[in-house]
Amino acid sequence: MGNRAKVKHIFPTIERYGASTGSRQVAVQFRGSEVCCPYCGRPHPWTTEAQSQLPAAEAAQAILSLFEQGQPRQLVFAGGEPLVYEDWIRRLLALLPACRVQVKTTGLPVQALAELLPNVSLFSLQWSLERMDKLLATQRDVKYA
């Protein structure tokens with residue numbers, strides 16, 4: 001994916017659930033997903049009409065502006081499947097001051113999750129328990145550290 005990503009919104013928000021409930025953060029929400037997880041409730045793949053893709057440098061400027069307006073240096077990546085944009089996220093984070101980073105993800109693709117481990121404070125894995133067997137079946141060849 002590289003230097004561009006299908007970003008839907010960059011906006012200030014407050015975490016509504018999980019370990020970070022109530023914390024203020026800046027959200028980067030992606031459009032669509034090409035991952036097609038076996039338990040996803042959306043059509044496969046999500047339709048994402050021909051939309052422009054945002055360069056990492058432009059996203060960094062938007063985020064820096066929000067930080068300068070007093071938003072805390074906490075980022076959350078969500079929407080679609082952020083791990084599809086692992087390289088873009090790493091490029092973006094290199095352009096920003098140190099901050100707390102959360103990724104809301106299905107955990108697929110696993111290799112992209114592993115690549116982001118050094119840069120992320122918290123992964124929020126969003127799984128459907130009744131279909132966990134399908135997820136585990138797709139990950140049998142993965143070696144975990």
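**Exercise 1. Find out how E3 sits between its partner strands, and which residues pair up.**

Step 1: Start with E3 and E5: these strands run parallel and are joined by four bridges. (Strands are DSSP runs of E with at least two residues, helices are runs of H or I with at least four, and both are numbered from the N terminus; two strands pair if DSSP finds at least two bridges between them.) For a concrete spot, look at Ala27, whose bridge partner in E5 is Val76.

Before going on, a word about what you're looking at. This is a predicted model, where local features need pLDDT of at least 70 and side-chain atom pairs count only at pLDDT 80 or more, while totals for chains, interfaces and linings use all residues. Residues are numbered from 1 along each chain as its sequence is written, and side-chain values use heavy atoms, with hydrogens and water left out.

Step 2: Now turn to E2. Seven bridges pair E2 with E3, this time in the antiparallel sense. Here Thr13 stands opposite Gln25 in E3.

Step 3: How enclosed is E3? Five of its seven residues are buried, so the rest of the structure largely encloses E3. (Buried means under 20% relative accessible area, exposed means over 50%, and partly exposed lies in between, with a 1.4 Å probe and protein chains only.)

**Exercise 2. Lay out the whole sheet and place the helices on it.**

Step 1: Write down the strand order. Five strands make an open sheet, E2-E3-E5-E6-E7, with mixed pairing. Strand E2 (7-14) and strand E7 (122-125) are the edges: each has a single partner strand, so one side of each has no neighbour in the sheet. From one strand to the next, the twist averages 20°. (Axes are lines fitted to C-alpha atoms, for helices over the stretch in contact, and angles run from 0 to 180 degrees between N-to-C directions.)

Step 2: Check E5 and E6. Strand E5 (residues 74-78) and strand E6 (residues 100-105) run parallel, with four bridges between them. Val76 turns up again here, with Gln102 as its bridge partner in E6.

Step 3: Add the helices. Helix H1 (residues 56-68) packs on the sheet and touches E2, strand E3 (24-30) and E5, with its direction at about 15° to that of E2. (Contact means heavy atoms within 4.5 Å.) Helix H2 (residues 86-94) also packs on the sheet, touching E2, E3, E5 and E6, and its direction makes about 165° with that of E5.

**Exercise 3. Track down salt bridges and say how exposed their residues are.**

Step 1: Apply the rule: a side-chain nitrogen of Lys or Arg within 4 Å of a carboxyl oxygen of Asp or Glu. That gives four salt bridges.

Step 2: Take Lys104 and Glu15, whose side chains meet at 3.1 Å, N to O. Lys104 is in strand E6 and Glu15 in the loop between E2 and E3, 89 residues apart, so this pair links distant parts of the chain. Lys104 has 13% relative accessibility and counts as buried; Glu15, at 3%, is buried as well.

Step 3: Move to helix H2. Arg90 meets Glu86 at 2.4 Å, N to O, and these two are four residues apart, about one helical turn. Arg90 also bridges to Asp87, with the closest N and O atoms 3.3 Å apart. Salt bridges with shared partners join Glu86, Asp87, Arg90 and Arg91 into one network.

Step 4: Sort by exposure. Glu86 is buried at 13%, while Arg90 at 32% is partly exposed, and Asp87 at 24% is partly exposed too.
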